[in-house]
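Visitor: I am new to this structure and would like a close look at a single part of it. Could you choose one place and lead me through it with care, setting it in the chain as a whole?

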Amino acid sequence: MASAFRQGKTFALSGARSMVRWRERHYWLAGAALALPFGATPLSRGAESRLASAANVLGRVVGDHRALAAVRDGDTVRVDRA
């Protein structure tokens with residue numbers, strides 16, 4: 001699974017990939033959103049986490065990334081610099 005959060009900036013970075021690691025934070029290019037993968041997605045094979053399209057790594061989740069499973073559409077999520 002991955003949560004994607006729309007945000008106001010749009011930009012493209014080099015090195016984007018669709019195969020991502022759990023706990024990483026990504027800028028999802030196609031959705032102009034922040035993606036926070038925390039498990040397998042419908043496109044994943046086995047234990048991998050695969051996004052629908054390429055994203056750039058921006059950082060990583062500090063703490064228990066599995067807590068993201070409780071986030072629902074419309075919830076407010078706060079992202080801070082560690």
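Guide: Before turning to one part, please keep in mind that this is a predicted model. Read from the N terminus, the elements of the chain run β-β-β-β-β, and in count that is five strands and zero helices.

The part I have chosen is the loop between strand E4 (33–37) and strand E5 (49–60), where Pro42 lies. Pro42 counts as exposed because its relative accessibility is 82%, and the cut-off for that word is over 50%. In the chain as a whole, which has 82 residues, buried residues make up 32%. The accessible surface of the chain comes to about 5,500 Å², and carbon and sulfur atoms account for 54% of that surface.

From the same loop residue one can also look along the sequence: Pro42 and Ala52 are ten residues apart there, while in space their C-alpha atoms are 8.8 Å apart. For the chain in general, if one takes the contacts between residues at least 6 apart in sequence, 69% of them join residues at least 24 apart.

To complete the setting, there is also the second largest pocket, with a volume of about 220 Å³. Eleven residues line this pocket, and those closest to its centre are Arg25, Val61, Val62, Val79 and Asp80. Sorted by class, the lining of the second largest pocket holds seven nonpolar and four charged residues, with no polar ones.

How values were computed. Residues numbered from 1 in each chain as written. Predicted model: local features only at pLDDT ≥ 70, side-chain atom pairs only at ≥ 80, totals over all residues. Heavy atoms only, no water. 1 Å grid on protein atoms, 1.4 Å probe; cavity = no way out; pocket = protein on both sides within 12 Å on 5 of 7 lines; lining within 4 Å. Points joined across faces, edges and corners; volume = space filled by probe spheres on them. Nonpolar A, V, L, I, M, F, W, Y, C, P; charged D, E, K, R; others polar. Helix = DSSP H or I, 4+ residues; strand = E, 2+ residues; numbered from the N terminus. Buried < 20%, exposed > 50% of the residue type's maximum accessible area, 1.4 Å probe, protein only. Contact = heavy atoms within 4.5 Å. Areas by Shrake-Rupley, 256 points an atom, 1.4 Å probe, with all protein chains shown as cover.
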